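The following paragraphs lead through a single protein model, from its aromatic contacts and nonpolar cores to its sheet and its charged pairs. The reader may wish to keep the structure in view throughout.

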Amino acid sequence: MQIRELKIPDSYEITPKQFGDDRGVFLEWYRFDRLSEAVGHSIDLRQANTSVSKRGVVRGIHFADVPVGQAKYVTATHGAVLDFVIDIRVGSPTFGEWDSVLLDGVDRRAIYLAEGLGHAFVALTDDATVSYLVTDTFNAAREHGINPLDERIGLVFPDEAGEPLLSPKDTDAPGLDEAAAQGLLPTYDAMRDFYATLDSKENRS
């Protein structure tokens, strides 16, 4: 398994080694020890989610209040999506920027993003099936969104996705600057302090 930090700090692309023969393919799509080495602390996974999307569906940009927040480990088990991590941490050197990873059934990559980062994806195929491992259970009162079509962020969807299909919840979400003005976004300094507490707990264990 290869782990590469993305342009957005505290997010990583994970490329598993695949073992194929005439029966099919085997791979390890999650290794807590390898991810812990890269991140600096163990990931306490508490919920697993799956979504199935038609081609063109956009889900996100979503994030949760910190603490506790939701770190996410995401992969596509069928079809293909372009997965985005967006830096929404006010004061971050990469605030408002994003990076992306193709998740599909060919390379079978995954993406990890730390608490306090925004997450979205666009389905490139019908029946695109995405599975998420997350570090906290869903709490609607602490969940927030940013409009994925916000020009301030400028996500680029591939032509193969076709016309974007979004939920009213996502289209009604504020843009990045509006969310910042409303005090919805985490700050970079607070998130660095939060990550340090996780690293400290790991070192004490």
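In this predicted model, Phe84 and Phe157 are both buried. Their rings form an edge-to-face aromatic pair, with 5.8 Å from centre to centre and 75° between the planes. This pair links distant parts of the chain: Phe84 belongs to strand 8 (residues 80-86), whereas Phe157 lies in the loop between strand 13 (143-145) and helix 2 (168-171), and the two are 73 residues apart. Another edge-to-face pair is made by Phe194 and Tyr195, where the centres are separated by 6.4 Å and the planes by 65°. Phe194 has a relative accessible area of 15% and is therefore buried; Tyr195, at 6%, is buried as well. The structure holds seven aromatic pairs. In addition, Trp29, Tyr30 and Tyr73 come together in one aromatic cluster.

Tyr73 also leads to the nonpolar interior. In soluble globular proteins, nonpolar side chains tend to be buried together. The largest nonpolar core here comprises 32 residues, and the members that touch the most others are Tyr73, Val81, Val85, Leu103, Ile111 and Tyr112. Strand 12 makes the greatest contribution to this core, giving five residues. A separate core of 20 residues lies apart from it, with Leu82, Ile88, Trp98 and Ile153 among its members. The surroundings of Val85 can be listed individually. When residues up to four places away in sequence are not counted, Val85 touches Leu6, Ile8, Ser11, Glu97, Trp98, Asp99, Ile111, Leu113, Leu117 and Gly118. Val85 is a member of the largest core, and one of the residues it touches, Trp98, belongs to the core of 20 residues.

The strands may be considered next. Strands of a sheet pair through backbone hydrogen bonds, either parallel or antiparallel. In this model, six strands make up an open sheet in the order 1-2-10-7-12-5, and their pairing is antiparallel. Strand 1 (2-5) and strand 5 (47-53) occupy the edges; each has a single partner strand, so one side of each remains without a neighbour in the sheet. From one strand to the next, the twist averages 20°. At one end of the order, strand 5 is joined to strand 12 (residues 128-134) by seven bridges, the two strands running antiparallel. Within this pairing, Thr50 has Ser131 of strand 12 as its bridge partner.

Helix 1 (residues 32-39) lies across four strands of this sheet: strand 1, strand 2 (11-15), strand 7 (72-78) and strand 10 (110-113). The helix runs at about 25° to strand 1. A hairpin is formed by strand 3 and strand 4, with two residues between them. Strand 3 (residues 18-21) pairs with strand 4 (residues 24-27) in the antiparallel sense over four bridges, and Phe19 stands opposite Phe26 of strand 4.

The charged side chains remain. Side chains of opposite charge can pair when their charged atoms come close. Twelve salt bridges are found in a search of the whole structure. One of them returns to helix 1: Arg34 is bridged to Glu37, with 3.9 Å between the closest N and O atoms. Both residues lie in helix 1, three residues apart, which is about one turn of the helix. How exposed are the two partners, Arg34 and Glu37? Arg34 counts as partly exposed because its relative accessibility is 29%, whereas Glu37, with a relative accessible area of 62%, is exposed.

Two further salt bridges can be placed in the sequence. Asp44 and Arg46 meet through their side chains at 2.9 Å, N to O, and Asp44 is partly exposed, with a relative accessible area of 44%. The side chains of Asp177 and Arg152 meet at 3.2 Å, N to O. This pair links distant parts of the chain, since Asp177 is in helix 3 (residues 176-181) and Arg152 is in the loop between strand 13 and helix 2, 25 residues apart. Both partners are partly exposed: the relative accessible area is 45% for Asp177 and 38% for Arg152. Phe157, described at the outset, lies in the loop between strand 13 and helix 2, as does Arg152. Finally, a network of salt bridges links Arg4, Glu13, Asp107 and Arg109.

Note on methods: Residues are numbered from 1 along each chain as its sequence is written. This is a predicted model: local features need pLDDT of at least 70, side-chain atom pairs count only at pLDDT 80 or more; totals for chains, interfaces and linings use all residues. Side-chain values use heavy atoms; hydrogens and water are left out. Two strands pair if DSSP finds at least two bridges between them. Axes are lines fitted to C-alpha atoms, for helices over the stretch in contact, and angles run from 0 to 180 degrees between N-to-C directions. Contact means heavy atoms within 4.5 Å. Rings of Phe, Tyr and Trp (its six-membered ring) pair if their centres lie within 6.5 Å; planes under 30 degrees apart count as stacked, over 60 as edge-to-face and the rest as tilted. Buried means under 20% relative accessible area, exposed over 50%, partly exposed in between (1.4 Å probe, protein chains only). A nonpolar core is a set of buried Ala, Val, Leu, Ile, Met, Phe, Trp, Tyr and Cys residues joined through side-chain atoms within 4.5 Å. A salt bridge is a side-chain nitrogen of Lys or Arg within 4 Å of a carboxyl oxygen of Asp or Glu.
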